[in-house]
Amino acid sequence: MSAIKKQLEEDAAAKHAKDPFIKFDADGVALSEDVPAEYASIIREWKKLLKLDVPIYVSTIEDARKNKDNFTGPHRAIGSGTLDPSEAGSTRRMEDGSYYILLDKSAKKTKTLEILAHEMGHIHQRVAFDNA
């Protein structure tokens, strides 16, 4: 069983190195198709303001579930991401040091921006304070 798992991990790493599903832009931001493109500029500016030098992928939980078999390498963790019923957002650090933020697709724009700010605050805490 461990040999099969090792082979699957090696295949996933090779696929990720050749053609990762998530392609971050020059500012280290990537969005799933359900996340409005207008949020990218907001995320970029907040990343600069918070001095976050880590890549951030933002997705809805629905897109994460839909694409769970498409994520490659360390980003495969996104496919198993969840939202607690009492939460509208979640963030996690991946093995390669990048982060993902999952959002509730049904949230209104103002609520989504609040969630993004909150989740980016968690990333800021981890990057700026927990590693200091």
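# Around S32, strand β4 and the pocket

A polar contact of 2.7 Å ties the side chain of S32 to that of D63, and that's a handy place to start walking through this predicted model. S32 sits in the loop that runs between β1 (29-31) and α2 (38-50). Its side chain also makes a polar contact with the side chain of S59, this one at 3.4 Å. If you skip the neighbours within four places in sequence, the residues in contact with S32 are Y57, V58, S59, T60 and D63. Is S32 buried or exposed? With a relative accessible area of 5%, S32 is under the 20% cut-off, so it counts as buried.

One of those contacts, T60, deserves a stop of its own. T60 belongs to strand β2, and at 3% relative accessible area T60 is buried too. Its side chain has a couple of polar partners to look at. The side chain of T60 reaches the backbone nitrogen of D63 at 3.0 Å, and it makes a polar contact with the side chain of D34 at 3.3 Å. So D63 turns up twice here, because S32 meets the side chain of D63 while T60 goes for its backbone nitrogen, and both S32 and T60 are buried. Leaving out neighbours within four places in sequence, T60 is in contact with S32, D34, V35, L102, L103 and K105. For a sense of scale, take K111, which is 51 residues away from T60 along the chain: their C-alpha atoms are separated by 13 Å.

L102 and L103 in that list bring us to strand β4. Why can we call β4 largely enclosed by the rest of the structure? Because five of the five residues in β4 (residues 99-103) are buried. In a regular strand, side chains alternate between the two faces of the sheet. Follow that down β4 and you find cover on both faces: Y99, I101 and L103 are buried on one side, and Y100 and L102 are buried on the other.

Now for the strands that pair with β4. Strand β2 (residues 56-60) runs parallel to β4, with five bridges joining them; to see one, look at Y57, whose bridge partner in β4 is Y100. Strand β3 is joined to β4 by five bridges as well, but here the two strands run antiparallel. In this pairing, G89 stands opposite L103 of β4. β3 and β4 make a hairpin with five residues between them, and G97 in the turn has a positive phi of about 90°.

G89 also takes us to the largest pocket. That pocket holds about 210 Å³ of space. Which residues are closest to its centre? Of the 14 that line it, they are E87, G89, S90, H118 and E119. The elements that give two or more residues to this lining are β3 (89-93) and α4 (109-130). Helix α4 provides the largest share, seven residues. And what is the lining made of, by class? Six residues are polar, six are charged and two are nonpolar.

Two loop residues round off the tour. N67 is in the loop between α3 (61-66) and β3, and with a relative accessibility of 10% N67 counts as buried. The C-alpha atoms of N67 and S98 are separated by 18 Å, with the two positions 31 residues apart along the chain counted as their distance apart. K51 is in another loop, the one between α2 and β2. Buried or exposed, then, for K51? K51 is exposed, at 69% relative accessible area. Its backbone is worth a look as well: K51 is a residue other than glycine, yet it has a positive phi, near 55°.

Conventions
Residues are numbered from 1 along each chain as its sequence is written. This is a predicted model: local features need pLDDT of at least 70, side-chain atom pairs count only at pLDDT 80 or more; totals for chains, interfaces and linings use all residues. Side-chain values use heavy atoms; hydrogens and water are left out. On a 1 Å grid over the protein atoms alone, a cavity is a set of points where a 1.4 Å probe fits but cannot get out, and a pocket is an open set with protein on both sides within 12 Å along at least five of seven lines; lining residues have an atom within 4 Å of a point. Grid points are joined across faces, edges and corners, and a volume is the space filled by probe spheres set on the points. Helices (H or I, at least four residues) and strands (E, at least two) are DSSP runs, numbered from the N terminus. Ala, Val, Leu, Ile, Met, Phe, Trp, Tyr, Cys and Pro count as nonpolar, Asp, Glu, Lys and Arg as charged, and the others, Gly among them, as polar. Buried means under 20% relative accessible area, exposed over 50%, partly exposed in between (1.4 Å probe, protein chains only). A polar contact is a pair of N or O atoms within 3.5 Å; within protein, one must be able to donate a hydrogen and the other to accept it, and residues adjacent in sequence count only if both atoms are side-chain atoms. Contact means heavy atoms within 4.5 Å. Two strands pair if DSSP finds at least two bridges between them.
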